[in-house]
Amino acid sequence: MARNKPKVHPVIFSMRFSTLNENKLIFVYKYRHKSIGINQKLIMSTTILAIESSCDDTSAAILRDGVLLSNTIASQKVHERYGGVVPELASRSHQQNIIPVVDDALKQANISVDEIDAIGFTRGPGLLGSLLVGSSFAKAFALAKNCKLIEVNHLHGHVLANFIVTPETVGKEQAKFPFLCLLVSGGHSQIIVVKSYTDMEIIGTTIDDAAGEAFDKCAKVLGLPYPGGPHIDRHAKLGDPKAFQFNKPQIPDLDYSFSGLKTSILYFLQKEVQKNPNFITENIDDICASAQSTIIEILLKKLILAAKQTGIKDIVIGGGVAANSGLREAIVATGEKYHWRTFLPELRYTTDNAAMIGLAAYHKYLAGQFATQDLAPRARYSLQEYFAK
Ligand code: KG4
Ligand code: ZN
């Protein structure tokens, strides 16, 4: 007997028909999963394979009925020595990694390729060569296996990362629609009103650099490796956030600007290093703590304003910068002050991963939103455009 395999005892509470999937009638019913003691919707069990390849992580995930079974990521170390992602090298690595990563995800989930109902892939935004690898794989897979193809906007995935559950975490408390998402990654800084799983509105965005870029550029001037965010985070834990003052932008409404911060830090360092050539090494923790707290202050100022303007009190964060320990603490503390309910994604789902793409694909599957074979990847792809369709 497979003792570790959870036994599903279907108990039909309600039954209705849905017209998903090319007007085929599908039973929708609820069942009680005895081993985890929850009620859940089951739509004839939908298994999704998801692919993420927008930048320098090749990732594949398997989800069954929206529950994550496996999530495999191959991170490309090749870029470290160049101080940033080299697009050509990224595409080549994706090409090498994609089959082993998918194989691994299938194995870990104990699923065969024939069980896949749909393949979701990141269509954009991202590096075109990288996106081409994932989207070509997904299209070929959908053709070969005669399964549904679902395009996902990378940012849609980052927002939904907050909802990722595994069989062990099904039923955990989640944000209620509409909620605000502070989406902060290497390419984006946005405040989004999330109205449903498939309807979102951007109310604030950066006019120049993204928050992740600000971390990476500050790290670069300090001589720290790429990507710089985690290194700044690590040093900041040991430093004094009030040690140095850097310029903060004066941008109207809910928009962000981060390009001035990098310049302010650069000029400050040039001046100090002239006086003391060892200034950076002697003060690295304090510089990182001060830079990080400035970025967090900028992010929170507009988030507080957005919460005031919209009256929304459920707040989530997403994207690579959501891994930042200072930001996570500040969100919780600010939430307590303003009586928000705050939700933080698990650390492993903050940076790029296919699990979040799979969850977005699952909700598009439920909404009957499928892609066609003629779809091309998009290096630039705004959420407005994506949700307008
Ligand atoms: O979401 P992501 O993996 O890729 C994009 O979609 O851009 O985000 C990557 C960004 C990088 O800029 C990286 O430095 C930043 O997230 N990041 C962090 C931390 N971990 C990753 N920034 C600050 N603190 C961290 N702990
Ligand atoms: Zn990302």
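Which residue is the bridge partner of aspartate 314 in β14? In this predicted model, where local features need pLDDT of at least 70, side-chain atom pairs count only at pLDDT 80 or more, and totals for chains, interfaces and linings use all residues, that partner is arginine 341. Residues are numbered from 1 along each chain as its sequence is written, while chains are lettered from A and ligands numbered from 1 in the order in which they are written.

**View 1. Strand β13 and its two partner strands.** Strand β13 covers residues 314-318, strands being DSSP runs of E with at least two residues and helices runs of H or I with at least four, both numbered from the N terminus. Of the 5 residues of β13, 4 are buried, so the strand is largely enclosed by the rest of the structure; a residue is buried if 20 or more other C-beta atoms lie within 10 Å of its own, exposed if 12 or fewer, and partly exposed in between, with C-beta atoms placed from the backbone. Strand β10 (residues 179-184) runs parallel to β13 and is joined to it by 4 bridges, two strands being paired if DSSP finds at least two bridges between them. Within this pair, cysteine 181 stands opposite valine 316, and leucine 182 stands opposite isoleucine 317. With strand β14 (residues 341-343), β13 pairs in the parallel sense over 3 bridges.

**View 2. The open sheet and the helix packed on it.** The sheet is open and has 5 strands in the order β12-β11-β10-β13-β14, with mixed pairing. At its edges stand β12 (199-205) and β14, each with a single partner strand, so one side of each is left without a neighbour in the sheet. Neighbouring strands of this sheet are turned against each other by 25 degrees on average, direction ignored. Helix α8 (residues 279-310) packs on the sheet, where it touches β10, β11 (189-196), β12 and β13, and its direction makes about 160 degrees with that of β10; contact requires C-beta atoms, placed from the backbone, within 7 Å, and axes are lines fitted to C-alpha atoms, for helices over the stretch in contact, with angles from 0 to 180 degrees between N-to-C directions.

**View 3. The surroundings of ligand 1.** Ligand 1 is surrounded by 19 residues, the closest being Gly186, Gly212, Gly229, Gly320 and Asn324, where a residue is near a molecule if its C-beta atom, placed from the backbone, lies within 6 Å of it. Helices α5 (211-221) and α6 (229-236) each supply at least two residues of this shell.

**View 4. Strand β5 between its partners β6 and β8.** Strand β5 (residues 47-52) is mostly covered, with 5 of its 6 residues buried. It pairs with strand β6 (residues 57-64) in the antiparallel sense over 6 bridges, and the two strands form a hairpin with 4 residues between them. Alanine 50 has alanine 61 as its bridge partner in β6. Strand β8 (residues 118-124) runs parallel to β5 and is joined to it by 4 bridges, leucine 49 having isoleucine 119 as its bridge partner in β8.

**View 5. Proline 167 in its loop.** Proline 167 lies in the loop between α4 (154-160) and β10, and it counts as partly exposed because it has 14 C-beta neighbours inside 10 Å. Its C-alpha atom is separated by 6.4 Å from that of valine 67, although the two residues are 100 residues apart along the chain.

How values were computed: Contact = placed C-beta atoms within 7 Å.
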